[in-house]
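Morning, everyone. Let me walk you through a structure that is new to most of you. Please bring it up on your screens.

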There are 2 protein chains.
Amino acid sequence: VQIAVVTFDGFNELDSFVASAIINRAPGATALLTTPAPVVTSLNGVQVHGQRPLEFVADADAVLIGSGIRTRDVVADDAIVSALPLDPGRQLIGSQCSGALVLARLGLVEDLPVCTDTTSRPFVEACGVTVLDAPFHAEGPIATAGGCLASQYLAAWTLWRTVGEAAAREAVHYVAPVGEKESTVARVMAVVGAQVGAQRPQPVG
Amino acid sequence: VQIAVVTFDGFNELDSFVASAIINRAPGATALLTTPAPVVTSLNGVQVHGQRPLEFVADADAVLIGSGIRTRDVVADDAIVSALPLDPGRQLIGSQCSGALVLARLGLVEDLPVCTDTTSRPFVEACGVTVLDAPFHAEGPIATAGGCLASQYLAAWTLWRTVGEAAAREAVHYVAPVGEKESTVARVMAVVGAQVGAQRPQPVG
């Protein structure tokens, strides 16, 4: 299972690396930093080489859109938007924080509420999308997370939906703090598990 | 306040980036990826450019030693070890997971117990160091964290000890999941606060 973690210039390291590092703990799942340029620079000035070009999103089993300080520029860039042919019919799709703006721009969340971070919230609402006071929400193949460390929920959901609940549980257990592993696993799996079975409402008529 | 986040080849992204990204949220604190080569490659194959050379550790106000799959090679490399002239008399010093091996190699934890991850534990114990079943421990200027996501405690402790408790609290609040901000802040500040006042035992005689 290959998961594209889409990472733009100005990215927040937490939003891309927490998800990718947790996913990569699971046997059978590979998260790959997917970038619009060979090198992207984080909001803190860290230069990182992408592992796949943006075209990889078409082939990935799951696509997670990261967050950063330039997401509003991203959604205004037709070249980037048209390079993201996401298909919820055959892919899992997730967003972290301001990544919800990209899902809104792509018309993927017209009929479902999303999670995003406090700063991005007014911009997401301006797209006509309902924002929840919650860290994580999923319906069918689409999941959104809000608040940098909610990326652990996005990672666990992605693993649960691709390589299974047990693999998700083991990956979270591995990365959890020593002495807090059981409580961390219980919290993460409860938040994610409440939504894994949720179905996206079907359009009427 | 400048904080060196020492990052070696084979590094775990969570261990370097969770700490650095949280620290960089606090006004007045700057975390910089400090590497023994211009580019280091993570355990998942992500290439990252260092922001400072290893020599920077001598000038930093705090030095956090990250973790990875090659830390045992690092502590066997006299050139790298001698390039880490850490001074607990004037610097805060912390380690994440296998980074405890580096502190042990430098003789910094001969008289205090440490936290480390489950995998590194036997190697740390083989150095004659006591390992705790806890995510975070600090005495005086030295702190250790175990389990990737315990890096949030290491970051909060570093901020608390440098730019203050309020700044630490605000940074954790910022990165916490939406809807879980108060509970996350309470948990992190309780774990860290229990140890901020702890003094390192003074040698007798």
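By what turn, and with what shift along the axis, can chain B be laid on chain A? One caution before the answer: this is a predicted model. The turn is 180°, and the shift along the axis is 0.0 Å. The RMSD of that fit is 0.0 Å. So the two chains are related by a two-fold axis. The contact surface follows suit: 100% of the contact residues of chain B recur in chain A, so the same surface serves both copies.

Where does chain B come closest to that rotation axis? At B:Val48, whose C-alpha is 2.3 Å away.

Now the aromatic rings. How many aromatic pairs does a search of the whole structure find? Five, over all chains. Take A:Phe11 and A:Phe17. Their ring centres are 6.3 Å apart, and their planes meet at 65°. The cut-off for edge-to-face is over 60 degrees, so this pair is edge-to-face. Are these two residues buried or exposed? A:Phe11 has a relative accessible area of 1%, so it is buried. A:Phe17 is also at 1%, and counts as buried. Ring pairs carry on across the chains here: A:Phe11, A:Phe17, B:Phe11 and B:Phe17 are linked into a cluster.

Next, charges over rings, in chain B. The charged end of B:Arg52 sits over the ring of B:Phe56. The distance to the centre of that ring is 5.6 Å. B:Arg72 has its charged end over the ring of B:Phe123, 3.9 Å from the centre.

On to open space. How much space lies in the largest pocket? About 410 Å³. There are 23 lining residues, and those closest to the pocket centre are A:Gly68, A:Asp117, A:Thr119, A:Ser120 and B:Tyr174. Look at the chain letters: that list draws on chain A and chain B. Helices contribute too. Helix 2 of chain A, residues 71-75, supplies at least two residues of the lining. So does helix 7 of chain B, residues 165-175.

What about enclosed space? There are four cavities of 30 Å³ or more. The largest cavity has a volume of about 50 Å³. Which residues line the largest cavity? From chain A, they are A:Asn12, A:Glu13, A:Leu14, A:Leu43 and A:Asn44. From chain B, they are B:Ala21, B:Asn24 and B:Arg25.

Now a backbone detail. Most residues other than glycine have a negative phi. Keep that in mind for the next residue. A:Cys97 is not a glycine, yet its phi is positive, near 50°. Where is it? A:Cys97 is in the loop between strand 7 (92-96) and helix 4 (99-105) of chain A. Its relative accessibility is 2%, so A:Cys97 counts as buried. Chain B has its own case. B:Cys97 has a positive phi of about 50°. B:Cys97 is in the loop between strand 7 (92-96) and helix 4 (99-105) of chain B. B:Cys97 is buried, with a relative accessible area of 2%.

Let me finish with three single residues.

The first stop is A:Ser82, in helix 3 of chain A, residues 78-82. Is A:Ser82 buried or exposed? Exposed, with a relative accessible area of 57%. The cut-off for exposed is over 50%. A:Ser82 and A:Thr30 are 52 residues apart along the chain, and their C-alpha atoms are separated by 25 Å.

The next stop is A:His173, in helix 7 of chain A, residues 165-175. At 32% relative accessibility, A:His173 counts as partly exposed. Which residues does A:His173 touch, not counting those up to four places away in sequence? A:Lys181, A:Glu182 and A:Val185. A:Val196 lies 23 residues along the chain from A:His173, with 19 Å between their C-alpha atoms.

The last stop is B:Ala167, in helix 7 of chain B. With 15% relative accessibility, B:Ala167 counts as buried. Leaving aside neighbours within four places in sequence, B:Ala167 is in contact with B:Ala26 and B:Leu159. B:Thr130 is 37 residues from B:Ala167 in sequence, and 32 Å away in space, C-alpha to C-alpha.

That is the tour. Thank you.

Technical notes:
Residues numbered from 1 in each chain as written. Chains lettered and ligands numbered in written order. Predicted model: local features only at pLDDT ≥ 70, side-chain atom pairs only at ≥ 80, totals over all residues. Heavy atoms only, no water. Least-squares fit on C-alpha atoms with pLDDT ≥ 70 in both. Contact = heavy atoms within 4.5 Å. Phe/Tyr/Trp six-rings, centres within 6.5 Å; stacked < 30°, edge-to-face > 60°. Buried < 20%, exposed > 50% of the residue type's maximum accessible area, 1.4 Å probe, protein only. Lys NZ or Arg CZ within 6 Å of the ring centre and 35° of its normal. 1 Å grid on protein atoms, 1.4 Å probe; cavity = no way out; pocket = protein on both sides within 12 Å on 5 of 7 lines; lining within 4 Å. Points joined across faces, edges and corners; volume = space filled by probe spheres on them. Helix = DSSP H or I, 4+ residues; strand = E, 2+ residues; numbered from the N terminus.
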